[in-house]
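Please look over the sequence and the three-dimensional structure shown here before reading on. The paragraphs that follow go from a contact between chains to the build of one chain and then to single residues.

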Amino acid sequence: MQIKLDRFCSLLNEAEEEKSMDDSEVSPYLLKNLLYPYLEGKDIRLDELDYSAFTLSDMNDLFLFVDNMETVCTKIQNRAEKLLKSIPATRPAMKFC
Amino acid sequence: MIEYARQAFDAVYLCKLLHHYGKLDGMDLDWTVHEDLWWHMSFEALQNVSGACWVECLDMENKYYFSDPAMMEYYRLCREYCRNFGVSLKRNLFMQKAEEYVDRLLGSLCSYGYGWTLHTRINHEWASGIVCGVEDHFSAYMDLIEVLLRIFLFYETELEVLKQALSDKNNEKTRKEAA
């Protein structure tokens, strides 16, 4: 695999920023008080959650979202590993002597 | 972190489940969410699904006995229904309905290694109940908890229907006697 870094950087620069996953279907309460703090490594206490602020169906939606998120993360990780394993190509250099 | 999230959130799901059925108060919530918490809490949750629970821990199996005041009252009134309506316990529609419901729900769990027996006696305080044997390789604890919550809610709801049927019968009897 060969990557032209200058082309890669200009494509990244041109790309529009967008969310990698749509979280609009997930309960905002669960995103704000459970999922995102958990992913940031914060402690979430069971007795501090408001169990009236979400439903069992919201929990099922969250599980689906987490499953999809895990799939996306695995794909990104696989690509990153592929990149890391590739051997850097040397540019031809002019001989001076 | 994401790979542990699903398992960690099972504990939150369990709490929400108990909250939904009004049984969260008896649970110890002094915990931080983590991936092993669910297993720790499932044992305590099983003891909270009904008004009374006994556990016998054997070598390869745990045996639970679940009973509840609403269930006891239900089976006591089933006997009264038999007397008032002149039917046998076996032909009592309320007895049949409850047995079918318990069997259908407990039979629907997607796991091997469990069994149950429904007791409908009323000869002592907790004589009516469900004996549930769960072997080590049983894997549907969350479903079992949910099913038991639904079963004990069924007894609470159907108790009111049974009371109404008995009350209607008594009113009818009084009217006939007055006439």
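In this predicted model, a good place to begin is a pair of helices from two chains: the axes of helix 2 of chain A and helix 1 of chain B, which covers residues 2-20, come within 10 Å and cross at roughly 145°. The crossing of helix 2 of chain A with helix 1 of chain B is right-handed. On the side of chain A, the residues that make this contact are L34(A), Y38(A) and L39(A) of helix 2, while helix 1 of chain B brings I2(B), A5(B), A8(B), F9(B) and V12(B). Sorted by class, the contact between these two helices has 8 nonpolar residues, with no polar and no charged ones. Two packed helices are described by the angle between their axes and the distance between the axes.

This helix pair can be set beside the contact of the two chains as a whole, to which chain A gives 21 residues and chain B gives 21 residues. On the side of chain A that touches chain B, helix 2 (28-39) and helix 3 (56-85) of chain A each supply at least two residues, and helix 3 of chain A provides the largest share, with 9 residues. The class make-up of that side of chain A is 15 nonpolar, 1 polar and 5 charged residues.

We can now turn to chain B itself. Its secondary structure comes to 5 helices and 4 strands, and along the sequence of chain B these follow the pattern α-α-β-β-α-α-β-β-α. Taken along the principal axes, the C-alpha atoms of chain B fill a box of roughly 75 × 30 × 25 Å. Of the 179 residues in chain B, 28% are buried. Among the contacts in chain B with a separation of 6 or more, 64% are between residues 24 or more positions apart.

How are the strands of chain B ordered in their sheet? They form an open sheet of 4 strands in the order 1-2-4-3, with antiparallel pairing. At the edges are strand 1 (52-57) and strand 3 (114-120) of chain B, each of which pairs on one side only. With direction ignored, neighbouring strands of this sheet are turned by 15° against each other on average. Strands of a sheet pair through backbone hydrogen bonds, either parallel or antiparallel.

Within this sheet, strand 1 and strand 2 of chain B run antiparallel and are joined by 6 bridges, and a hairpin connects strand 1 to strand 2 through 3 residues. Strand 2, residues 61-67 of chain B, also pairs with strand 4, residues 128-135 of chain B, in the antiparallel sense over 6 bridges. One residue of strand 2 shows both pairings: Y64(B) is the bridge partner of V55(B), and Y64(B) also stands opposite C132(B) in strand 4 of chain B.

The domain assignment divides chain B into domain 1 (1-48) and domain 2 (52-178), and the C-alpha centres of these two domains of chain B lie 26 Å apart. Where the domains touch, 9 residues of domain 1 of chain B are in contact with 9 residues of domain 2 of chain B. To the side of domain 1 that touches domain 2, helix 1 and helix 2 (37-46) of chain B each supply at least two residues. That side of domain 1 has 5 nonpolar, 2 polar and 2 charged residues.

Two single residues of chain B complete the tour. I145(B) lies in helix 5, residues 141-178 of chain B. Is I145(B) buried or exposed? I145(B) counts as buried because 21 other C-beta atoms lie within 10 Å, where 20 or more are needed. Not counting residues up to four places away in sequence, I145(B) touches L17(B), S42(B), A45(B), L46(B) and V49(B). The C-alpha atoms of I145(B) and V49(B) are separated by 6.9 Å, although these residues are 96 residues apart along the chain.

G113(B), in turn, is found in the loop between helix 4 (93-106) and strand 3 of chain B. With 15 other C-beta atoms within 10 Å, G113(B) is partly exposed. Leaving aside its neighbours within four places in sequence, G113(B) is in contact with V134(B), E135(B), H137(B) and F138(B). The C-alpha atoms of G113(B) and E61(B), 52 residues apart along the chain, have a separation of 8.9 Å.

Note on methods: Residues numbered from 1 in each chain as written. Chains lettered and ligands numbered in written order. Predicted model: local features only at pLDDT ≥ 70, side-chain atom pairs only at ≥ 80, totals over all residues. Buried ≥ 20, exposed ≤ 12 C-beta atoms within 10 Å, placed from the backbone. Contact = placed C-beta atoms within 7 Å. Nonpolar A, V, L, I, M, F, W, Y, C, P; charged D, E, K, R; others polar. Axes fitted to C-alpha atoms, helices over the stretch in contact; angles between N-to-C directions. Left-handed = near helix turned anticlockwise from the far one by under 90°. Pairing = 2+ DSSP bridges. Domains from an automatic or database assignment.
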